[in-house]
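Please look through the structure below, together with its sequence, before reading on. The paragraphs after it move from the overall layout to individual residues.

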Amino acid sequence: MSGDDLPIGPGLTIPAAELRWRFSRAGGPGGQGVNSTDSRVELRFDLAASPSLPEPLRQRAVARLAGRLLAGELVLVAAEQRSQWLNRQAVRRRL
């Protein structure tokens, strides 16, 4: 387990290799730094194809999140904070 792996429950961890991060500039008001930092964070996790989750758990998660999945991927976005690090933490908590 590396430091970027994501524990999601007792005995369950999503390896960092299964998480795809993307960073971009957040829109909206924010003063001088709003257009100069990539603080918006997007995390993609291919839930439908993840080998890390036991099959029954993966099937249940796919069924419950069907309306939120894009081609089997769960996409989470955070842009509330001005800090990329804080937005990364928010996305990790949501997952």
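What follows is a guided reading of this chain, which is a predicted model.

The secondary structure of the protein chain comes to 2 helices and 6 strands, and, counted from the N terminus, these elements follow one another in the order β-β-β-β-α-β-β-α. The chain has 95 residues, of which 28% count as buried. Among contacts between residues at least 6 apart in sequence, 51% join residues that are at least 24 apart.

At the N-terminal end of this series, strand E1 (residues 6–9) and strand E2 (residues 12–14) run antiparallel and are joined by 3 bridges. Within this pairing, Leu-6 stands opposite Ile-14 in E2. The two strands form a hairpin with 2 residues between them, and Gly-11, in the turn, has a positive phi of about 80°.

Another group of strands makes up an open sheet of 4 strands, arranged in the order E3-E4-E6-E5 with antiparallel pairing. Its edge strands are E3 (19–24) and E5, each of which pairs on one side only. Strands of a sheet pair through backbone hydrogen bonds, in either a parallel or an antiparallel sense. Here E4 and E6 pair in the antiparallel sense over 6 bridges, and in this ladder Glu-42 has Val-77 of E6 as its bridge partner. E5 and E6 also run antiparallel, joined by 2 bridges, with Leu-69 standing opposite Leu-74 in E6.

Where does Ala-71 lie with respect to strands E5 and E6? Ala-71 is found in the loop between strand E5 (69–70) and strand E6 (73–78), and these two strands form a hairpin with 2 residues between them. Although Ala-71 is not a glycine, it has a positive phi of about 55°. Ala-71 counts as exposed because its relative accessibility is 81%, a value over the 50% that sets the limit for exposed residues.

The sheet is also in contact with a helix: H2 (residues 84–94) packs on it, touching E3, strand E4 (40–46) and E6, and the direction of H2 makes about 140° with that of E6. The buried residues of H2 are Asn-87, Ala-90, Val-91 and Arg-92, and what covers them includes E1, E3, E4 and E6. In an α-helix there are 3.6 residues a turn, so residues three or four places apart point the same way. The N-terminal end of H2 is capped by Ser-83, a side-chain oxygen of which lies 3.2 Å from the backbone nitrogen of Trp-85.

Aromatic residues come next. A search of the whole structure finds 1 aromatic pair, and it is formed by Trp-21 and Phe-23, whose rings are stacked at 6.4 Å centre to centre with 5° between the planes. Trp-21 is partly exposed because its relative accessible area is 24%, and Phe-23 likewise counts as partly exposed because its relative accessibility is 30%. Arg-88 lies over the face of Trp-21, at 4.3 Å from the ring centre.

Is Phe-45, by its relative accessibility, buried or exposed? Phe-45 lies in strand E4, and it counts as buried because its relative accessibility is 3%. If neighbours within four places in sequence are left aside, Phe-45 is in contact with Ile-14, Glu-18, Leu-19, Ser-50, Leu-53, Gly-72, Glu-73, Leu-74 and Leu-95. One of these contacts is with Ile-14, a residue that is 31 residues from Phe-45 in sequence and 9.2 Å from it in space, C-alpha to C-alpha. Two residues of this contact list also appear in the strand pairings described above, since Ile-14 stands opposite Leu-6 and Leu-74 stands opposite Leu-69.

The remaining helix brings in Arg-58, whose place is in H1 (residues 55–64). Arg-58 counts as buried because its relative accessibility is 13%, which falls under the 20% limit for buried residues. With neighbours within four places in sequence again left aside, Arg-58 is in contact with Leu-47, Ala-48, Ala-49, Ser-50, Pro-51 and Leu-53. Ser-50 and Leu-53 are thus contacts of Arg-58, and they are contacts of Phe-45 as well.

Conventions. Residues are numbered from 1 along each chain as its sequence is written. This is a predicted model: local features need pLDDT of at least 70, side-chain atom pairs count only at pLDDT 80 or more; totals for chains, interfaces and linings use all residues. Side-chain values use heavy atoms; hydrogens and water are left out. Buried means under 20% relative accessible area, exposed over 50%, partly exposed in between (1.4 Å probe, protein chains only). Two strands pair if DSSP finds at least two bridges between them. Contact means heavy atoms within 4.5 Å. Axes are lines fitted to C-alpha atoms, for helices over the stretch in contact, and angles run from 0 to 180 degrees between N-to-C directions. Rings of Phe, Tyr and Trp (its six-membered ring) pair if their centres lie within 6.5 Å; planes under 30 degrees apart count as stacked, over 60 as edge-to-face and the rest as tilted. A charge sits over a ring if NZ of Lys or CZ of Arg is within 6 Å of the ring centre and within 35 degrees of the ring normal. A polar contact is a pair of N or O atoms within 3.5 Å; within protein, one must be able to donate a hydrogen and the other to accept it, and residues adjacent in sequence count only if both atoms are side-chain atoms.
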